Amino acid sequence: MNAALAEKQKCQDEADATALTIDLANRLVNGLASEKIRWTEEVESLTNSCVTVPGDVLIVTAFLSYMGSFTRKYRSDSMYENWLPFLENLEVKIPRTTELDVLALLTDDAQIAQWNNEGLPTDKMSSENATILMNSTRWPLMINPQLQGLKWIKNRYGEDLQVLRLTQPNYLYLIEISIANGGIVLIENIMEAIDPILDPVIKRGLIKKGRAIKIWDKEVDYDPRFRLILQTKLANPHYKPEIQAQTTLINFTVTKDGLEEQLLGDVVKAERPDLKSKKAELTTQQNTFKITLKRLEDDLLHR
């Protein structure tokens, strides 16, 4: 009798668990019904991108390698008046996306929103500069006379950032410590002539199969997490060809359009501080929503 009751209870528990699972599944499907259209379009876009990957990657890598030092207008002119027509006129066509958004392949709205929350200006050129800085394999050299990019870098890395100047008496010792410990070093206010002793660091002259780097006559253990960022306040610097080849120049100079947006914001702040405060609050909230949406989507896919 007891065995029969136990078997009955076991069957009832399994039935209840199955019913609960079905209920949760129905709730999940109903909750995601509104996402069906967006996800269907995204699947179609990803399917089409499988064909255009070669051309898209070619354009993106060229953008990362060569466009950083130029102004917004020159970047646009080079892309649409030189590069794309050249690819279009090739005898053997390279498949590519017709209206390619370079930023879409390298980052997403959630990441850009996070950068904006950290103090990066909201204009497109600043987003491009940040994308180049975060994706380039060479050390970035920021042309930053207005210091907006510098402010963003300091906010982004916070206390993890080691800020140095070449005029400091012990800067080389601090760099050696950061190299060994995998730290992040920002050398600010550099001039056109850079101390030759830093050449092995800038060009990553690794020895012992990448485990060490030789600075002067001293071998320093190299941690792959080490990151170097260079910054200059010079508006139009002229660096030696080897420096330009070993680093990625990124032009953070404020453009006319970007300055217009910022001045408009200052006028609104002076005339209607309540609107400026409300706009900042809504922008931060919107950016937070984008970041949260991205995190929830990734979490859902992992499950």
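This note goes through the domains, cores, pockets, cavity and backbone of a predicted model.

1. **Domains.** The domain assignment gives domain 1 as 1-89 and domain 2 as 124-254. Their centres, taken over C-alpha atoms, are separated by 35 Å. Domain 1 puts 9 residues into the contact, and domain 2 puts in 12.

2. **Main core.** The largest nonpolar core has 28 residues. Leu133, Trp152, Ile153, Ile229 and Phe252 have the most contacts inside this core. At least two residues each come from α2 (36-66), α3 (72-88), α4 (102-106), α5 (109-117), α6 (124-135), α7 (148-157) and β3 (184-187). Both domain 1 and domain 2 give residues to this core, so it lies between them. As a rule, nonpolar side chains in soluble globular proteins tend to be buried together.

3. **Ile229.** Which residues does isoleucine 229 touch, once neighbours within four places in sequence are left aside? Its contacts are Pro140, Met142, Ile153, Tyr157, Ile184, Val185, Leu186 and Ile187. Of these partners, Ile153 is also listed with Ile229 among the residues with the most contacts inside the largest core.

4. **Another core.** Apart from the largest core lies another, of 27 residues. Its members include Leu164, Ile194, Ile213 and Leu228.

5. **Helix α5.** Ala110, Ile112, Ala113, Trp115 and Asn116 are the buried residues of α5. Just after this helix, glycine 119 takes a positive phi of about 115°. Helix α5 is one of the elements supplying at least two residues to the largest core.

6. **Helix α7.** The buried residues in α7 are Gln148, Gly149, Leu150, Trp152, Ile153 and Tyr157. Trp152 and Ile153 are among the residues with the most contacts inside the largest core. Just after α7 comes glycine 158, with a positive phi of about 55°.

7. **Largest pocket.** This pocket has a volume of about 1,100 Å³. Its lining is made of 30 residues. Glu42, Ser45, Leu46, Ala104 and Thr107 lie nearest the centre. Which elements each supply at least two residues of the lining? They are α2, α4, α5 and α12 (273-302). Helix α2 gives the most, with 11 residues. By class, the lining holds 13 nonpolar, 6 polar and 11 charged residues.

8. **Second largest pocket.** Here the volume is about 870 Å³. The lining has 23 residues, and Leu120, Pro121, Thr122, Lys276 and Lys279 lie nearest the centre. Two or more lining residues come from each of α5, α7, α11 (256-271) and α12. The largest share, 8 residues, comes from α11. The class division is 5 nonpolar, 11 polar and 7 charged. Helices α5 and α12 thus appear in the lists for both pockets.

9. **Cavity.** The count comes to 1 cavity of 30 Å³ or more. The largest cavity has a volume of about 90 Å³. It is lined by 13 residues, with Asp123, Ser126, Phe252, Thr253 and Val254 nearest its centre. Helices α6 and α11 give two or more residues to this lining. Helix α6 gives the most, with 3. The lining divides into 4 nonpolar, 8 polar and 1 charged. Phe252 is also listed among the residues with the most contacts inside the largest core.

10. **Gln286.** Glutamine 286 lies in helix α12. Is this residue buried or exposed? Glutamine 286 is partly exposed, at a relative accessible area of 45%. Glutamine 286 and alanine 110 are 176 residues apart in sequence. In space they are 9.8 Å apart, C-alpha to C-alpha. Alanine 110 is one of the buried residues of α5.

11. **Leu147.** Most residues other than glycine have a negative phi. Leucine 147 has a positive phi of about 70°, although it is not a glycine. It sits in the loop between β1 (139-143) and α7. Leucine 147 is partly exposed, with a relative accessible area of 32%.

12. **Arg204.** Arginine 204 also has a positive phi, near 55°, and is a residue other than glycine. Its place is the loop between α9 (199-202) and β4 (206-207). Arginine 204 is partly exposed, with a relative accessible area of 33%.

Terms used:
Residues numbered from 1 in each chain as written. Predicted model: local features only at pLDDT ≥ 70, side-chain atom pairs only at ≥ 80, totals over all residues. Heavy atoms only, no water. Core = buried A, V, L, I, M, F, W, Y, C linked by side-chain atoms within 4.5 Å. Buried < 20%, exposed > 50% of the residue type's maximum accessible area, 1.4 Å probe, protein only. Helix = DSSP H or I, 4+ residues; strand = E, 2+ residues; numbered from the N terminus. Domains from an automatic or database assignment. Contact = heavy atoms within 4.5 Å. 1 Å grid on protein atoms, 1.4 Å probe; cavity = no way out; pocket = protein on both sides within 12 Å on 5 of 7 lines; lining within 4 Å. Points joined across faces, edges and corners; volume = space filled by probe spheres on them. Nonpolar A, V, L, I, M, F, W, Y, C, P; charged D, E, K, R; others polar.
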